[in-house]
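Colleague: Could you take me through one part of this model closely, and then show me how the rest of the chain sits around that part? I would be glad of a connected account rather than a list.

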Amino acid sequence: MKALLASFDRGRLMTQGIPTAIVGRPNAGKSSLLNALLGYERAIVTAVPGTTRDTIEEKLRLGGQLLRLTDTAGIRETADPVEALGVRRSREAVENAELVFAVVDGSEAFTDEDAEILRLAETAKHALVLLNKDDLERRTVALPTRLPVLPVSAVTGEGLEALADAVRALYPLPGVPAGEILTNARQADAVARALESMEAACGAMRQGMTPDIVLTEVETAMNALGELTGKSVREDVTNRIFARFCVGK
């Protein structure tokens, strides 16, 4: 049960998608990268810096994993209150992300804003630096970061396969038989309650308590596992079913 409960984080990411933030300074090519990965023009792309003012979220399967991609506003110092709000949301997206794609414009000289973005990306659980615009003459060569750096081009698609491989390496698909991974909170709650009751039963046995006390905890654990297998259903679940659906006699 402990091993099963430990699978919940991975199962949740498999079904809900890995929260992934695309960050970079204005005009680094974040929205172009989002469009290239999706295969259609989801985000507006112009040569004017600061076009993206708010976050855009789309789901995409990459490297065998489902990603919840969030395209963010370019991070920079600005006096524009609307753009400043977008920058704040960009930073929040990084804080809430499981994976970060830090986009750097390789066709321009490395800037202090790029350095700040790399520092921000290094705070994430996982991050990859994407040296974008590899189809143009490169002016940025070495980057001051410990993160993996992948040359890509959102225009030609160059490097996107390598990006998929990098995601696959960070999140390898679990090699477990079907049914041995938890994918939602209801399942995890049932296993957690069963585990708690079994630990209580073991504790009661160690303390020399009477069998009826031990068996009460075991029965509680069995009922919780029954919710997982479908052999038992909690009353609140049946109440929700009858409340939400028209169930005939």
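Modeller: Happy to; I will start with one buried helix, follow its surroundings outward, and end with a pair of packed helices.

Please keep in mind throughout that this is a predicted model. As a backdrop, the protein chain has nine helices and six strands, and 42% of its 249 residues are buried. Among contacts with a separation of 6 or more, 63% join residues that are 24 or more positions apart. The chain exposes about 13900 Å², and 54% of that comes from carbon and sulfur atoms.

The part I would pick is helix α3, residues 30-38. Seven of its nine residues are buried, so the helix is largely enclosed by the rest of the structure. Those buried residues are K30, S31, L33, L34, N35, L37 and L38. What do they pack against? Their partners are the strands β1 (18-24), β2 (56-62), β3 (65-71), β4 (99-105) and β5 (126-132), together with helix α6 (160-170).

Both ends of α3 deserve a glance at the backbone. Ahead of the helix, in the loop between β1 and α3, sits N27. This residue has a positive phi of about 65° although it is not a glycine. N27 is partly exposed, with a relative accessible area of 30%. On the other side, just after α3, G39 also has a positive phi, here about 90°.

From α3 we can step onto one of its partner strands, β4, which holds V100. V100 has a relative accessibility of 0% and therefore counts as buried, the cut-off being under 20%. The C-alpha atoms of V100 and I22 are 6.0 Å apart in space, although 78 residues separate the two in sequence. Beyond its neighbours within four places in sequence, V100 is in contact with A21, V23, V94, A121, A124, H126, A127 and L128.

Around β5, another partner of α3, three loop residues help to fill in the picture. K125 belongs to the loop between α5 (112-121) and β5. With a relative accessible area of 61%, K125 is exposed. Its C-alpha atom is separated by 9.6 Å from that of E95, a residue 30 positions away along the chain. K133 is in the loop between β5 and β6 (149-151). Its phi is near 65°, a positive value in a residue other than glycine. K133 is partly exposed, with a relative accessible area of 21%. R146 lies in the loop between β5 and β6 as well, and at 62% relative accessibility R146 counts as exposed. R146 and E122 are 24 residues apart in sequence, with 8.1 Å between their C-alpha atoms.

Now to the packed pair. Two packed helices are described by the angle between their axes and the distance between the axes. For helix α7 (residues 185-206) and helix α8 (residues 211-229), that angle is about 165° and the axes are 8 Å apart. Angles over 145 degrees count as roughly antiparallel, and α7 and α8 are therefore roughly antiparallel to each other. Their crossing is left-handed. On the α7 side, the contact is made by R186, Q187, A190, V191, R193, A194, S197, M198, A200, A201, A204 and M205. On the α8 side, I213, V214, E217, V218, T220, A221, A224, L225, E227 and L228 take part. Together, the residues of this contact divide into 15 nonpolar, three polar and four charged.

One of the α7 contact residues, V191, also leads back to the start of the chain through L5. L5 is placed in helix α1 (residues 2-6). At 28% relative accessibility, L5 counts as partly exposed. Not counting residues up to four places away in sequence, L5 touches L182, A188, V191, A192 and L195. L5 and L182 are 177 residues apart in sequence, yet their C-alpha atoms are 7.1 Å apart in space.

So, to return to your request: α3 is largely enclosed, because seven of its nine residues are buried, and the buried residues pack against five strands named above and α6. In the other region we visited, V191 is part of the contact of α7 with α8 and is also touched by L5.

Conventions
Residues are numbered from 1 along each chain as its sequence is written. This is a predicted model: local features need pLDDT of at least 70, side-chain atom pairs count only at pLDDT 80 or more; totals for chains, interfaces and linings use all residues. Side-chain values use heavy atoms; hydrogens and water are left out. Axes are lines fitted to C-alpha atoms, for helices over the stretch in contact, and angles run from 0 to 180 degrees between N-to-C directions. Helices (H or I, at least four residues) and strands (E, at least two) are DSSP runs, numbered from the N terminus. Angles under 35 degrees count as roughly parallel, over 145 as roughly antiparallel, 65 to 115 as roughly perpendicular and the rest as oblique. A crossing is left-handed if the near helix is turned anticlockwise from the far one by less than a right angle, and right-handed if clockwise. Contact means heavy atoms within 4.5 Å. Ala, Val, Leu, Ile, Met, Phe, Trp, Tyr, Cys and Pro count as nonpolar, Asp, Glu, Lys and Arg as charged, and the others, Gly among them, as polar. Buried means under 20% relative accessible area, exposed over 50%, partly exposed in between (1.4 Å probe, protein chains only). Accessible areas come from the Shrake-Rupley method with a 1.4 Å probe; for residues, only the protein chains shown count as cover.
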